[in-house]
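Reader: I should like to learn how features of a predicted model are read. Please take them one at a time.

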Amino acid sequence: MTGPSRNAAGATLRFTFDGKTYFARPGDTLAAALLANGVALVGRSFKYHRPRGIMTAGIEEPNALVTVGEGGRREPNTRATDLFVYDGLVARSQNRWPNLSFDLGAVFSLAAPMLPAGFYYKTFFGSAKRWMFYEYFIRKAAGLGNAPTEADPDRFSHRAAFCDVLVVGAGPAGLQAALEHAEAGKRVILAEQDAVLGASLIRDPQELDSAWVEATATRIRAAGGRILTRTTASGYWEHDLVTLTERLAEPGAKPAHGLAQRLWHVRAGQVILATGSIERPIAFAHNDRPGVMLSQAARTYVRRFGVLPGKRVVVATNNDDAYLTAAALRDAGADIVAILDARPDLSAAATAAQAAGHPVLTNAVPLSVDGARHCLTKVTAKVDGQTQSWPADLIAVSGGFTPVVHLHMQAGGTLDWNEAAQAFVPKAARQNVTTIGGAANPQPVHPVVPVGNPKKSFIDFQNDVSLADVDLAWAEGYRSVEHLKRYTTLGMATDQGKLSNMAALGRLAEKQGVSIPEAGLTTFRPPYTPVSMGLIAGASGKNAGAHMRRIALHDVHTQKNPIWQPLGYWFRPRAYPQGQETLAQAALREARAVRTGVGMTDVSTLAKFEVSGPDAAAFLDIICATTVSKLAVGRGRYTFMLREDGIVFDDGTVWRLAEDRFLLTSSTGGADRMATHISYVRQYLCPQLRVSAVTVQEHYAGIAIAGPKAKAAMDALIGADAPRHMSTLPATIAGIPVLVLAASYSGERAFEVYVEASHAAPVWAACEAEVTAQGGCLYGLEAMEFLRIEKGHVVVGGEVDGRMTPADLALDKMLNKAGGYIGATGLSRPALSEPGRRQFVGLEAIEGTIPEGAMLVSAEGQSPQGHVSAAAFRIMDGGSIALAQLTDGFSRYGEELIASSPTRGQKARVRVVHPHFYDAAGERYRD
Amino acid sequence: MTDVTITPLPAAPLHVFEIWSNPSAVAKRFSAAMGYDLPATGRSGGTEALRLIRFEPTVWLVEGDVAPLPAILGDDGAITAIGGGIVRVRLSGADWRSLLMESGVFNAEDPAFAAGCSASTVIDHVNVRLHVVSDDVCDAYVPLSYATALLHFWEEASHGLVPTHR
């Protein structure tokens, strides 16, 4: 099936389709190459496994979907009409077994009368368990391509761009607009989804040929404009932000530089949409067979690719454009056996065609086609009410034109109904966007009333939705177009109804007895064409969307081969196993070292703020719910912070480094939230204060040394008497200035050493050497968790969960009695002091091991009265303990409950106790 | 072939210089003491020994010896060290602007973003401060915790860059 301008010598690219080798010319789409090689059957339909061929020549293709590439580059549901052949291309048909020609799934086509729209809902009901059974078989039988199971080896990039004018579409209107704006000195970006510029001019070069296209592009570039080909405007967002998806390599191909696709984020001063229109099919029986093709597509295959898609051709139309197709096909050697024109009278184009010898029939509408799996054999039509047939292997249909208004609508625009064109056109724009060219002025057409069997007249080819399905939905009460869409699945899947929506609206309007615009419209949502998940993820796709934050001593820890723990965006050592130790064994050993000797750990990720200025103390009295201004220089204290509604949202320590300088620490996970809170208070609530609050979270690395021997270790490290509990001292370790804070999270005598992060390594090394000399070891997050649970210290995100007041956490005695802090007013709300609130308690197991996250109930089957927020074992003695939130917990010490975790299938009998399991008097902190 | 080189610079003293009162008086004292003005918003200035980059209405990032600054500020502001948490990265070559557009949101390709300009922006989810040194050089100030990841990102992105003009 080689056209006049095509010869075998030019086909130099080798590719395979379903394992068979073919050759293509450079510039061929896969669809063009398959047609040139005589392949008409390309796929099977989604539901009924009907044989499908190539219907279009563009991104609207609903039928010719293939899987291309291999391994991680495999890309399913690729439109053969939007894939340019490269040497080595591997393409496979989809949704068939055992092969495309003989597909056992085609049995569903025989059962089609029993599988109408909504049959799932009518058939597969019952318990969820039964649905799980059905689902397996449904998924096996239906569907399109399968997602690859291997990781994509290629990269995807996001790139920002700014311009004065973004022009979408490089047809004659788009090229002209881009040229005018570029030569007027504007920064212009021109995006074209095809690999070459010209759009309709490639198909119809009568007035403006390729030389004009080339010259125009040269002038645009010379004026500083940027032209992006293989780039689709996929989404129009707020503030004239348009996302463009650029293919740097064809689907399945190995890209140069490893970069497969780029997502442009273009912020444009003005957007011009020259997106053209999409030709509509006509509904008639078996209009989905191979050999049924849109008129402009047939013309494209002849004129652009030199491929003749049929030798005996019937053209069916309701407009003049299809006469160009008839002429092109005849010029290429096809026999035009009939032109079926739905209009009652001959137009000028029809008259000219008739004069040129074409058999033109008016009042003629296709009724059905016949054929085999691979080809068409006969076309039947109603002509002036009479049935006529012609032997034919191609029917080129044109049911009118649907302007591509997707981006206009995504930008919030409205539509107007163009009666002459039987199409919606852009009306009001809500952003700085204009639509020009064919998308604004579609050709006039004549309405076509389908005459074929509605059960076999398909309107949504991708979802096997026929006119009968729309009728059924109507009969079953689905009046809204949105309900119709969901009931029939019309307009879904990869083509998003580009060919089907207008036909469905027409049928719905007919049923409702209203005009098409009165029947309503579905929503236009991005993306315009499918976008790879990898492209959306961009470069971050390889690391789950976020960079890992490394602590300053990351490499030092790595040498110790720890078990790493994600903590927010950070990675921190969870434990340092020795030999064959498990995590639990290592953590228990480390925790016991802290209880009996000394251990050290990295606490660099804690949030840290340096607050300075004459009003620093007053500022912190507002931020913190405890008194700060009365701290003496060199002293510190535990503190916590409230939201304006009186709920605790973070905690930490505050240290007075000088009369007008403080260091405030707070939780790792809440660091960004605390920074925002401090900035809000500083700038909006207290702009009059003379204070500077700077985050120094990363400036200082932090090292904690804890245990009965911690003071001895610290004395040796700093060569002086270490500060007493909740005191601070500037010192030097390994010749480097450090700040030593005496504070304990573990329940033991402990110190935190803060050092400028860029100098942390030698200080860590010195500390580790001293701790080792004292018989101690490193400890990680897991041991730290054991220690703090046993001590009864709360953690933000655990016990501090956004619902607890200071009283609920037994912290109310520490509140600043003078008030004035954020949350003081909120705390006065009566509801926060009424009975029935969850309160912070401890639990010890009477029988079993307490599961973390368990709910607390009085007896099986009763409503939960609280939950376990953290669970551990007594470090030295064993025994399961936990921290919990329990309704009216403070008055329930000694009560026995059940901690039940149905999701883990675990439970334990527990006794409610005071949450401090270890050294409740705090005697071990002090020397 | 893209022309951009990514070079981490040695650690250097960096401070936040913040004014909370009497900004005009501080500016006059600064000019008198240093011989040049405090840079305006979005601008940087100074000498080889002391570079100031203004990032907020009342906040400058200071690189270099800050010894003279406390006396200039008096009770009208404060200096806070932050250098331990920031890695300086030099982007040099004709395509540094194009590199900054990768996963960026800021128009680094704007010719008005020229030598002496500064900006705070987000690149691949990381907060970065920029200072244009010359047509071919831009210094980026990157949080220490993200520096390894961002340097890797930049190295990868530098292959297959879209030139600013094509």
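Author: The dialogue below treats a helix pair, a barrel, a chain contact and a single residue. This is a predicted model, in which local features need pLDDT of at least 70 and side-chain atom pairs count only at pLDDT 80 or more, while totals for chains, interfaces and linings use all residues. Residues are numbered from 1 along each chain as its sequence is written, and chains are lettered from A and ligands numbered from 1 in the order in which they are written.

Reader: At what angle do the axes of helix 21 and helix 22 of chain A cross?

Author: Two packed helices are described by the angle between their axes and the distance between the axes. Here the axes of helix 21 (residues 710-718) and helix 22 (residues 760-773) of chain A come within 10 Å and cross at roughly 135°. Helices (H or I, at least four residues) and strands (E, at least two) are DSSP runs, numbered from the N terminus. Axes are lines fitted to C-alpha atoms, for helices over the stretch in contact, and angles run from 0 to 180 degrees between N-to-C directions. Helix 21 and helix 22 of chain A are therefore oblique to each other; angles under 35 degrees count as roughly parallel, over 145 as roughly antiparallel, 65 to 115 as roughly perpendicular and the rest as oblique.

Reader: Which residues of helix 21 of chain A meet helix 22 of chain A?

Author: A:Ala713, A:Ala716 and A:Leu717 meet A:Ala766, A:Cys767, A:Glu770 and A:Val771 of helix 22, contact being C-beta atoms, placed from the backbone, within 7 Å.

Reader: In what order do the strands of the chain A barrel close?

Author: Strands of a sheet pair through backbone hydrogen bonds, either parallel or antiparallel. In chain A, 6 strands close into a barrel in the order 42-45-44-43-46-47, with antiparallel pairing; two strands pair if DSSP finds at least two bridges between them. The twist from one strand to the next averages 45°. Strand 42 (residues 838-847) and strand 47 (residues 906-913) of chain A are joined by 5 bridges, and A:Leu843 stands opposite A:Val912 in strand 47.

Reader: How many residues does each chain bring to the contact between chains A and B?

Author: Chain B brings 38 residues and chain A 38 residues. On the chain B side, helix 4 gives the most, with 8 residues.

Reader: Is B:Thr47 buried or exposed?

Author: B:Thr47 lies in the loop between strand 3 (44-46) and strand 4 (50-56) of chain B. B:Thr47 counts as exposed because it has 11 C-beta neighbours inside 10 Å; 20 or more others within 10 Å would make a residue buried, 12 or fewer exposed, and a count in between partly exposed, with C-beta atoms placed from the backbone.

Terms used. Two residues are in contact if their C-beta atoms, placed from the backbone, lie within 7 Å.
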